[in-house]
Amino acid sequence: MEFPSWVFTLFSSISLCFLLLPVQGGLQTHMGNSHFLPLSQISLPPSPSPEASAPSHEVKASLPPSPSPEASAPSHEVKGSAPSHDSARVFSVLSFGAVGDGVTDDTRAFKLAWDTACQSKSATLLVPDSYSFMVQSIIFTGPCKSSLVFQIEGTVMPPDGPKSWPKGNNKRQWLVFYRVNGLAMQGRGLIDGRGEKWWNLPCKPHKGPNGTTLPGPCDSPVAIRFFMSSNLTVQGLKIKNSPQFHFRFDGCRDVLVDSLYIKAPSQSPNTDGIHIENTNNVKIYNTIISNGDDCVSIGAGCFDVDIRNISCAPSHGISIGSLGNRNSRACVSNISVTDSVIRQSDNGIRIKTYQGGSGSVSMVTFNNIHMDNVRNPIIIDQYYCLTKSCTNQTSAVHISDITYANVKGTYNIKSPPLHLACSDAVPCTNLTFSNIELLPAQGRILSDPFCWNAYGEISTMTIPPVYCLSEGVPYTIPPIDGDQC
C-alpha cells in the first residue's frame, strides 16, 4: 500500500508480559499454520558493551546467555558484520542474519541487533529500506547503556493472523518496549500490523447481528506498546492495520509523538490510533489518523497531555476514557486538545465514564477544533456501557473544569451537536463554552443540545444555544474524596 507523499506536509505547523485488558463499554436511565524457530520473546538484559570493532572487519555477533529457563533458542552463532563508528554505531538487522523477504522469521536477528545496540553508547538499530521483515511477538528490554535510535526505513510486519501466530506467544501484544529510557523510534518506513484476519474473529463486535459478539477466542495484539519507559520519541513513521491499538503507552513519562500517519479501515474494531494510560508529560503533534476507533484515547492516570494539530478522519474522535469501569478509580487532569480537525467521525471530542467509578476528570481544554459532518461533536457520556446491561449506581467520576472554545463546523443530524449526559449522583461542574458554532451538515434546522445534570456557563453566544446547561453550581454536591486523585 502506498501512502500519499503529501500527508505530512499538511502538518508542518508496556511485570514484562503484563496483559492488556481491553477497555470496553449510552445513556441508560434517561435516554494454515506456519512453523517458526522456537525462541524467547524477551530481549536480553544489558551487559557491558563489547569493544567496537573496526568497520572493515567482519565480526561474529554471538547470542549472550538466555535470561530465563524458558528461553529455548538454540545457541547458533550468527555471522555478520556490525558496522560501528566512534561517534555513532549503526547496527543493521541485516548484519545479524535478517533476510527481509517478508516470509523468513527475522525475530532472532532483531533480538541480537537490539541487545548489541542496547549495550552500546549512542547506537542506532537500523531497519533498512527496500526490505520487509517478518517479526514475531517480542519484548525489547532496557534499560540500555545510553539513548538509542530505532531507525525504521523498511517494512516490519507480524505473522499473518491468529492461525500463523506461534503457539505460546502472547496474542495481546506484538512489539513491546519495556523499561527503556531515551529511545527514539523514527524513520520513513512502514509498520504493517496485518490486522484483517484478527478483525474477522467471530468475537469482534461487527461480526454478530446488530453489533453483538459471538463466542470464540478474542485476544488481539497491540502493534507497538511502550511499558514503564521514559524520554520517548516516536516520529515520522507510517503504521497501518494494527489488529488492535496501533500505539499504547503504559506507565510512561516524557513522551513525544510527532508526524505519524496511522491508517486502518473505518470498520476495523478497537484500532485506536494512540492510547495512553498512567502516562504523563505527553505531547502528540502533527499526526494524521484514520481508523475504526478513537484517534487518541486517554485512560486513567494521565496528566499533562498536550495534543495539537491532529487530523481524525474517519474515526471515533478524541476521547478521555472510558473511565471507572468495574467501580475503579480514575484520575485525569491537565489535558489540552488544540488546533485539530475531526471529519466524518462517530464522535468529536468526548469524555466517557462508566457508572460506579470514582476519581475525577479536571482541567481539560478543547480549543480551536474544526468539525466536518461529525456525530456528537461535543459529548460527555457518564452512562457508557457497551453491554447495555449496566445497573444504575450512585458513584461516578467527577467531571469539572472543562473548557470548550472555538469549536466550529458541521454535525451529522443523527445526533445532537452537544450531548452532556452527566451522572445523576455527581453533576458535571464548571463547564465553560465560548465561540461554539455547530451547524447541521444536512438541512437548515438546528438540533437542540441535550443536557443532564450539567452545570457551567456560556461565555459567548453559541450556535445552537445551550439553554439546557444549568448556570452556576448545583445547590448540593455529594462529598468528593479529595485524596482520590
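Here is a friendly exchange between two people looking over this predicted model.

Colleague: How many helices and strands does the protein have?
Modeller: As this is a predicted model, local features need pLDDT of at least 70 and side-chain atom pairs count only at pLDDT 80 or more, while totals for chains, interfaces and linings use all residues. Residues are numbered from 1 along each chain as its sequence is written, and side-chain values use heavy atoms, with hydrogens and water left out. Helices (H or I, at least four residues) and strands (E, at least two) are DSSP runs, numbered from the N terminus. By that reckoning the protein has 2 helices and 33 strands.

Colleague: What share of the residues counts as buried?
Modeller: Buried means under 20% relative accessible area, exposed over 50%, and partly exposed in between, with a 1.4 Å probe and protein chains only. The protein has 485 residues, and the buried share is 56%.

Colleague: And what part of the accessible surface belongs to carbon and sulfur atoms?
Modeller: Accessible areas come from the Shrake-Rupley method with a 1.4 Å probe, and for residues only the protein chains shown count as cover. The total is about 20,600 Å², and the part that belongs to carbon and sulfur is 52%.

Colleague: Let's turn to the strands. Which strand pairs with S14 (residues 230-235) over 3 bridges?
Modeller: Two strands pair if DSSP finds at least two bridges between them. The pairing you ask about is in the parallel sense, and within it Gln235 of S14 stands opposite Gln186. The partner is strand S11, residues 183-186.

Colleague: Which residue of S17 stands opposite Leu232?
Modeller: S14 also pairs with strand S17 (residues 253-258), in the parallel sense and over 5 bridges. Opposite Leu232 in S17 stands Val255.

Colleague: How many residues of strand S20 are buried?
Modeller: Strand S20 spans residues 280-290 and is mostly covered. It pairs in the parallel sense with S17 over 5 bridges, and with strand S18 (residues 261-263) over 3 bridges, also parallel. Lys283 is the S20 bridge partner of Leu256, and Ile289 is that of Ile262. The buried count for S20 is 8 of its 11 residues.

Colleague: Over how many bridges do S20 and S22 pair?
Modeller: In this pairing, Asn280 stands opposite Phe303 in S22. The sense is parallel, and the number of bridges is 8.

Colleague: Which residue does the UniProt "active site" annotation cover?
Modeller: The annotation comes from an unreviewed entry; UniProt positions are given in the numbering used here, feature names are shortened, and annotations may be inferred rather than shown by experiment. The residue is found in the loop between strand S22 (302-312) and strand S23 (318-323). Contact means heavy atoms within 4.5 Å, and, leaving aside neighbours within four places in sequence, the residue is in contact with Gly292, Asp293, Asp294, Asp346, Asn347 and Arg350. The annotated residue is His316.

Colleague: Which residue is joined to Pro314 by a cis peptide bond?
Modeller: Pro314 lies in the loop between S22 and S23. Omega of the bond is about -20°, and the residue joined to Pro314 is Ala313.

Colleague: What about Pro143: which residue shares its cis peptide bond?
Modeller: Pro143 lies in the loop between S7 and S8. Here omega is about 0°, and the residue joined to Pro143 is Gly142.

Colleague: Is Gln173 buried or exposed?
Modeller: Gln173 has its place in strand S10. Its C-alpha atom is separated by 4.6 Å from that of Val222, 49 residues apart along the chain. Because its relative accessible area is 2%, Gln173 is buried.

Colleague: Does the same label fit Asn334, or what does Asn334 count as?Modeller: Asn334 has its place in strand S24 (residues 329-343). Phi of Asn334 is near 55°, a positive value in a residue other than glycine. Because its relative accessibility is 38%, Asn334 counts as partly exposed.

Colleague: Is Asn373 buried or exposed?
Modeller: Asn373 is found in strand S26 (residues 358-374), and has a positive phi of about 55° although it is not a glycine. Because its relative accessibility is 17%, Asn373 counts as buried.
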